[in-house]
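Work through the exercises below with the sequence and the structure open. Try each task before reading its solution.

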Amino acid sequence: MSIFSVGTWSLLGLVYLLAGVTLWLIANVRTEIVPKETVGFKRILLCFYSAWAVLLSVSVPEMPRSRYVRLVFIFYVGYSFAISLVFQAFFTTFLVEPGYGRGFQTYPELTEAHIVFGEIDIVQIILDPEYRDLISTQYVVNCGELTKCVLRAMFQKDMMTLTGANFPHYLALKHGVHDVSKVVCFFPDVVFNAQLGIAMHKGEPLLPMLNKYMRKCIEAGILTKYWSELKHTYRWEGFNKLSEDKLYFVFKLQHLWPVFILLFCGYVICFIVFNLEICMGMFRKFFRKMKK
């Protein structure tokens, strides 16, 4: 049902109703001029039945005979054929395409898409004016904290925010995401470069010693080793916290079970209607014999 929008489904139903009524009216109005029109187009229920069969790309029980009914009928067949092709194309795309689209490459693409920007208080201070002007005030939400913005951007996927390179990976692993690339997506352009640092009071006597040991840790690769161990720990601790099937799934035949149930229900209804028609025909013959 989500392949077409509500407006498209509504117009499709309206065209179906108008086609059935139009075929019935033309078949009855032209009766005096063309008396050979089939019974299937002189009854409104049978007209709706034929219109429904054409919409589903199924053969109709009878073909129209009069010229005007055939003209309307052939236009409706062309319309139904076009709608069927569009529906099949969208449905095939729905089965094949997992839902990922082309990423944004430029800032005008972001502004034209009207994506909500998750703002934190420090952003307005450190953001350059050229980037600040690209963010429309109409689509800005103040999250208050950076963690809330990042979590909403990763899991709700309804906004973007400004953050560092490692922080989203840390949050994703902490919340049980095994494949971080499925929830973390960065814009290709870097807004600004900033080094991590620690602020201390001016004249602090421990500053030279702290700089010395921090430099040694970085040169020896201790920070890289710690970051690797931290990711490994959170990856195993949060392995079963989040089901990644919600993020992406491989389409299988089991996902089509509603279609097969609908098909089975259609067969049952057709069998019931078929038996009712046989019973009604037998009762009519019986009452006719009783009257005679």
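The exercises treat a predicted model and deal with helix packing, a sheet and annotated segments.

**Exercise 1.** Describe how helix 1 and helix 2 pack against each other.

Solution.
1. Two packed helices are described by the angle between their axes and the distance between the axes.
2. Helix 1 spans residues 6-29 and helix 2 spans residues 44-55; their axes come within 8 Å and cross at roughly 135 degrees.
3. Angles over 145 degrees count as roughly antiparallel and 65 to 115 as roughly perpendicular, with the rest between 35 and 145 oblique. Helix 1 is therefore oblique to helix 2.
4. The crossing is right-handed.
5. On helix 1 the contact uses Leu12, Tyr16, Leu17, Gly20, Val21, Leu23 and Trp24, and on helix 2 it uses Ile44, Cys47, Phe48, Ala51, Trp52 and Leu55.
6. Sorted by class, this contact of helix 1 with helix 2 holds 12 nonpolar residues, 1 polar residue and no charged ones.

**Exercise 2.** Find the UniProt "transmembrane region" segments and state how much helix residues 7-27 and residues 39-59 contain.

Solution.
1. The unreviewed UniProt entry places this annotation on residues 7-27, 39-59, 71-91 and 256-283.
2. Residues 7-27 are 100% helix and 0% strand, with end C-alpha atoms 30 Å apart.
3. Residues 39-59 are 57% helix and 0% strand, and here the end C-alpha atoms lie 17 Å apart.

**Exercise 3.** Work out the strand order of the sheet and name its edge strands.

Solution.
1. The sheet is open, has 3 strands in the order 2-1-3, and pairs them in parallel.
2. Strand 2 (140-142) and strand 3 (159-161) each have a single partner strand, so they form the edges, and one side of each has no neighbour in the sheet.
3. From one strand to the next, the twist averages 35 degrees.
4. Strand 1 (residues 116-119) runs parallel to strand 2 and is joined to that strand by 3 bridges. Phe117 faces Val140 of strand 2.

**Exercise 4.** Locate helix 7 relative to the strands and to helix 8.

Solution.
1. Helix 7 (residues 146-156) lies across strand 1, strand 2 and strand 3, at about 135 degrees to strand 3.
2. The axes of helix 7 and helix 8 (residues 167-174) come within 10 Å, crossing at roughly 70 degrees. Helix 7 is therefore roughly perpendicular to helix 8.
3. This crossing of helix 7 and helix 8 is right-handed.
4. Leu146, Thr147, Val150, Leu151 and Met154 of helix 7 meet Phe167, Pro168, Leu171 and Ala172 of helix 8.
5. The contact of helix 7 with helix 8 comprises 8 nonpolar residues, 1 polar residue and no charged ones.

Methods:
Residues are numbered from 1 along each chain as its sequence is written. This is a predicted model: local features need pLDDT of at least 70, side-chain atom pairs count only at pLDDT 80 or more; totals for chains, interfaces and linings use all residues. Side-chain values use heavy atoms; hydrogens and water are left out. Axes are lines fitted to C-alpha atoms, for helices over the stretch in contact, and angles run from 0 to 180 degrees between N-to-C directions. Helices (H or I, at least four residues) and strands (E, at least two) are DSSP runs, numbered from the N terminus. A crossing is left-handed if the near helix is turned anticlockwise from the far one by less than a right angle, and right-handed if clockwise. Contact means heavy atoms within 4.5 Å. Ala, Val, Leu, Ile, Met, Phe, Trp, Tyr, Cys and Pro count as nonpolar, Asp, Glu, Lys and Arg as charged, and the others, Gly among them, as polar. UniProt positions are given in the numbering used here, feature names are shortened, and annotations may be inferred rather than shown by experiment. Two strands pair if DSSP finds at least two bridges between them.
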